[in-house]
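Me: I have a new structure open and would like to learn how to read it. Can you take me through it step by step?

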Amino acid sequence: MRSKNTYILGIESSCDDTAAAILCNGNVLSNVVANQAIHQKYGGVVPELASRAHQQNIVPVVDQAIEQAGISLADLSAVAFTQGPGLMGSLLVGTSFAKSLAYGLDIPLIDVNHMQAHILAHFIENEDTEKPEFPFLAMTISGGHTQIVRVDAHFKMTVIGETIDDAVGEAFDKSGKILGLGYPAGPEIDKRAKLGNPKAFKFTKPKVAGLNFSFSGLKTAILYFIQKQLKENPQFIEENLDDVCASIQYTIVGILMDKLKLAVKETGINRIAIGGGVSANSGIRDALKEAESRYGWKTFVPAFEFTTDNAAMIAIVGHLKYLEKNYADQSIMATARLKL
Ligand code: KG4
Ligand code: ZN
């Protein structure tokens, strides 16, 4: 007989990380992520290579998650997987693996929306972090998405603002590429920004109505700025890299904070949770902390390991859906453009 504990296996394969995690009653027992180093030399994710790497990684990653959790496959209550959004070839690997495993073990299969998971990562049982009370605003900032979402309940979410072109993570990564930094450049820009002067160079913020974002103009502005400086001084980048990184980060954080302030004003909700890879950024973390004392906001920042793509966030959504008996059936398909 199965125990009363709920053990959920989460599987994430939407982009370039193959991840598996086990949660017991919402507590993380294991959280394994295999990064794909192969993309670094191409300066971005190559979908075909990502899919192939997922195929190589998925079995060992799931095995490791099970082993680290100290359970066996027979203990699992359900298998949760990322249905989308993401790269089709990548999603297919996790989806077909999850479907076969759930079928073989004769346990429920649960589909998870990756963007919902970045938000619900805040509900992973964790002594160090507090869970946001409903309603709250979630800002999901990653390499593929930039959204402000009104969250009224676990599964009642409304997108109230989003990017009309590039995602904020792309703004970091593409700026980094212009500066000759490796991929993804976000963490490196963050590291260098701490050593530089954020007001050394000024970049104009885009003017976009309402709660929507735009980052493609900023990337072009940075490109022209660097090209102009290099004409005058071929060593400009080497001599000013920390200041340039600090100025770029300061501009991007300013854009995010301006929209958050507007969202708080429009909704009257001042509980703000962030999620997605860019929420690891120290600039946005500091700005949110400051907003707590300056504007009386309550802000929620996930533990570091749950900010970038991971499977614990997929498993927590699986856990919450499992409690509601909200299961998928075997006809479910990976969906690259899945909406929130
Ligand atoms: O959520 P995520 O792991 O994958 C997607 O779903 O896209 O986010 C990856 C993005 C990349 O663009 C990366 O440069 C950015 O998150 N990122 C950061 C930092 N750490 C990761 N951007 C700025 N500062 C960071 N510390
Ligand atoms: Zn993500």
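Reply: Begin with residue classes. Ala, Val, Leu, Ile, Met, Phe, Trp, Tyr, Cys and Pro count as nonpolar, Asp, Glu, Lys and Arg as charged, and the others, Gly among them, as polar. Keep in mind that this is a predicted model.

Me: How many residues of each class does the shell around ligand 1 have?
Reply: The shell has 5 nonpolar, 11 polar and 3 charged residues. In total, 19 residues surround ligand 1. Gly143, Asp173, Asp190, Gly277 and Asn281 are the closest.

Me: Which helices supply at least two residues each of that shell?
Reply: Helix 3 (114–120), helix 4 (168–178) and helix 5 (186–193) do. Look at the domains too. Domain 1 (7–122 + 307–323) and domain 2 (131–301) each give the shell at least three residues.

Me: What should I look for in polar contacts?
Reply: Look for pairs of N or O atoms within 3.5 Å. Here, a polar side-chain atom of aspartate 190 lies 2.9 Å from a nitrogen atom of ligand 1. Backbone atoms take part as well. A backbone N or O atom of glycine 277 is 2.9 Å from an oxygen atom of the ligand. For a backbone N or O atom of glycine 169, the distance to an oxygen atom of ligand 1 is 3.3 Å.

Me: How much of the accessible area of ligand 1 does the protein cover?
Reply: On its own, ligand 1 has 550 Å² of accessible area, and the protein covers 89% of that.

Me: Which residues coordinate the zinc ion (ligand 2)?
Reply: His114 (NE2), His118 (NE2) and Asp309 (OD) do, at 2.1 to 2.2 Å. Along the chain, the donors follow the spacing H-x3-H-x190-D. Histidine 118 is in helix 3, while aspartate 309 is in the loop between strand 10 (298–300) and helix 9 (312–323), so this pair ties together parts 191 residues apart in sequence. The site has 4 donor atoms, with angles of 91 to 153°, and is irregular.

Me: What about the backbone?
Reply: Most residues other than glycine have a negative phi, and most peptide bonds are trans. Now look for exceptions. The bond from phenylalanine 134 to proline 135 is cis, with omega near -10°. Proline 135 sits in the loop between helix 3 and strand 6 (136–141). Tyrosine 183 and proline 184 are also joined by a cis peptide bond, with omega about -10°. Proline 184 is in the loop between helix 4 and helix 5.

Me: Is the phi of asparagine 25 positive or negative?
Reply: Positive, at about 50°, although asparagine 25 is not a glycine. Find asparagine 25 in the loop between strand 2 (17–24) and strand 3 (27–35).

Methods: Residues are numbered from 1 along each chain as its sequence is written. Chains are lettered from A and ligands numbered from 1 in the order in which they are written. This is a predicted model: local features need pLDDT of at least 70, side-chain atom pairs count only at pLDDT 80 or more; totals for chains, interfaces and linings use all residues. Side-chain values use heavy atoms; hydrogens and water are left out. A residue is near a molecule or strand if one of its heavy atoms lies within 4 Å of it. A polar contact is a pair of N or O atoms within 3.5 Å; within protein, one must be able to donate a hydrogen and the other to accept it, and residues adjacent in sequence count only if both atoms are side-chain atoms. Accessible areas come from the Shrake-Rupley method with a 1.4 Å probe; for residues, only the protein chains shown count as cover. Helices (H or I, at least four residues) and strands (E, at least two) are DSSP runs, numbered from the N terminus. Domain bounds come from an automatic or database domain assignment. Donors are N, O and S atoms within 2.8 Å of the metal (3.2 Å for Na, K and Ca); water is not among the atoms, so sites may look incomplete. Four donors count as tetrahedral if all angles lie between 85 and 135 degrees; four count as square planar and six as octahedral if opposite donors are over 155 degrees apart and all others between 65 and 115; anything else is irregular.
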